[in-house]
Amino acid sequence: MDGTFRDGVVRLPGDAKQRFYDSGGYGRPAGGNEIELAPVEAAHLLYRGDLDAVTDEDGDRLGFREFLTRTDSVLSFVVYKDLRDRGFYLSPAREGWVGDGIDDATDFVVYPRGKGPSDDEIAYRLRVVGERAPLPAASVDEHVLAIVDEDGELTYFGTEWLSPSGTADPPLPDSLDATLMDDRLLVWEPPESLYEGGFFGQRLAGRNADSGPLQLSLLEAAYLADRGSLELDLATVQGHAEAIEGERFRRRYAAYESLRAAGAVPKSGFKFGADFRVYEEFDGVSDLGHSDKLVRVVEPDHEFLPRELSLDVRLAGGVRKRMVFALTEPTGEIDWLCVERITP
């Protein structure tokens with residue numbers, strides 16, 4: 001069977017609806033028994049040998065090689081074939097081809113196994129990304145990202161928007177004596193509850209010490225100053241911190257404050273290359289488990305590079321944590337984007 005390539009679609013005549021749409025989930029009905037295919041679907045059928053050729057506007061018959069390169073469908077073909085091989089039906093997210101509510105960033109809608117285009121049930125929206133293509137953070141809206149590297153290998157990342165949560169609700173002291181240093185603050189006579197009950201700071205004498213002064217990060221210092229727990233006020237701490245870190249401090253502080261307000265306990269994520277490691281279940285330092293998430297604070301217009309995104313997600317997964325990006329405005333408005341590797 002030959003198809004006809006016109007206006008960006010391939011039209012198939014004869015019994016194509018029964019042969020390809022009804023039994024295989026390809027294309028969309030175009031009246032009678034005819035169907036229309038997106039180029040990537042036609043390329044897949046050409047590859048399988050189910051189509052002999054596609055005839056273009058000039059009457060030239062194109063085989064798989066000619067058609068794939070003509071339509072520049074290589075990355076989409078790699079993803080489409082992989083998911084087909086895994087037992088999924090999927091449809092190109094073209095206007096008028098799938099249901100309402102599909103955004104422009106979606107390349108395919110993938111149906112649950114055993115379902116197809118006529119079942120009106122979508123497993124997930126999928127986006128095809130090349131290894132070197134910048135990926136705006138704000139454009140990722142709970143898509144599955146299918147990242148194709150330079151070898152043609154595929155990695156799938158699931159994305160979802162989260163709200164932070166936790167169980168911590170420590171009592172806070174009043175007006176503690178403290179000294180502001182270059183990049184931290186020292187609390188000389190902290191109550192036991194500040195560290196043990198709230199996990200603020202670290203012992204100056206090391207983690208094996210059970211008393212003595214605490215060294216706090218500037219984020220912790222700003223949070224406690226804002227709540228009257230230090231003799232220093234917020235403006236003093238914040239001005240000092242911004243002189244060191246610039247506007248980024250405000251973004252990181254907004255994320256820190258939001259996590260604390262939700263009952264989570266954020267601590268430095270330096271060892272993991274992140275801004276924070278986050279404990280959600282927290283009943284005190286003496287009963288401290290493993291942190292649940294790594295958080296990196298980025299601007300809302302941040303563009304991910306897939307290689308860097310893969311590094312963050314792989315590292316988080318390797319230490320049994322979830323990777324979260326806090327898309328933070330200086331005003332404190334935050335969107336929490338979780339990205340993790342999945343297997344379809």
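**A short note on this structure**

1. Let's begin with a single residue: T155 is buried, because its relative accessible area is 19% and buried means under 20%. Please keep in mind that this is a predicted model. T155 sits in strand 12, which covers residues 154-162. Once its neighbours within four places in sequence are set aside, T155 is in contact with L145, A146, I147 and R341.

2. Next, have a look at the open sheet of 6 strands, whose order is 3-4-2-1-5-6 and whose pairing is mixed. At its edges are strand 3 (28-29) and strand 6 (61-62), each of which pairs on one side only.

3. Within this sheet, strand 1 (residues 2-6) pairs with strand 5 (residues 53-55) in the parallel sense, over 3 bridges. If you would like a spot to zoom in on, G3 has V54 in strand 5 as its bridge partner.

4. Helix 2 (residues 39-48) is worth finding too. This helix lies across strand 1, strand 2 (9-12), strand 4 (35-37), strand 5 and strand 6, and runs at about 95° to strand 4.

5. Finally, the largest pocket holds about 940 Å³ of space. Its lining has 37 residues, and those closest to the pocket's centre are Q202, S217, K267, S268 and R277. Among the elements that give two or more residues to the lining are strand 16 (214-217), helix 7 (234-245), helix 8 (247-261) and strand 17 (265-268). By residue type, the lining of the largest pocket divides into 17 nonpolar, 7 polar and 13 charged.

Note on methods
Residues are numbered from 1 along each chain as its sequence is written. This is a predicted model: local features need pLDDT of at least 70, side-chain atom pairs count only at pLDDT 80 or more; totals for chains, interfaces and linings use all residues. Side-chain values use heavy atoms; hydrogens and water are left out. Helices (H or I, at least four residues) and strands (E, at least two) are DSSP runs, numbered from the N terminus. Buried means under 20% relative accessible area, exposed over 50%, partly exposed in between (1.4 Å probe, protein chains only). Contact means heavy atoms within 4.5 Å. Two strands pair if DSSP finds at least two bridges between them. Axes are lines fitted to C-alpha atoms, for helices over the stretch in contact, and angles run from 0 to 180 degrees between N-to-C directions. On a 1 Å grid over the protein atoms alone, a cavity is a set of points where a 1.4 Å probe fits but cannot get out, and a pocket is an open set with protein on both sides within 12 Å along at least five of seven lines; lining residues have an atom within 4 Å of a point. Grid points are joined across faces, edges and corners, and a volume is the space filled by probe spheres set on the points. Ala, Val, Leu, Ile, Met, Phe, Trp, Tyr, Cys and Pro count as nonpolar, Asp, Glu, Lys and Arg as charged, and the others, Gly among them, as polar.
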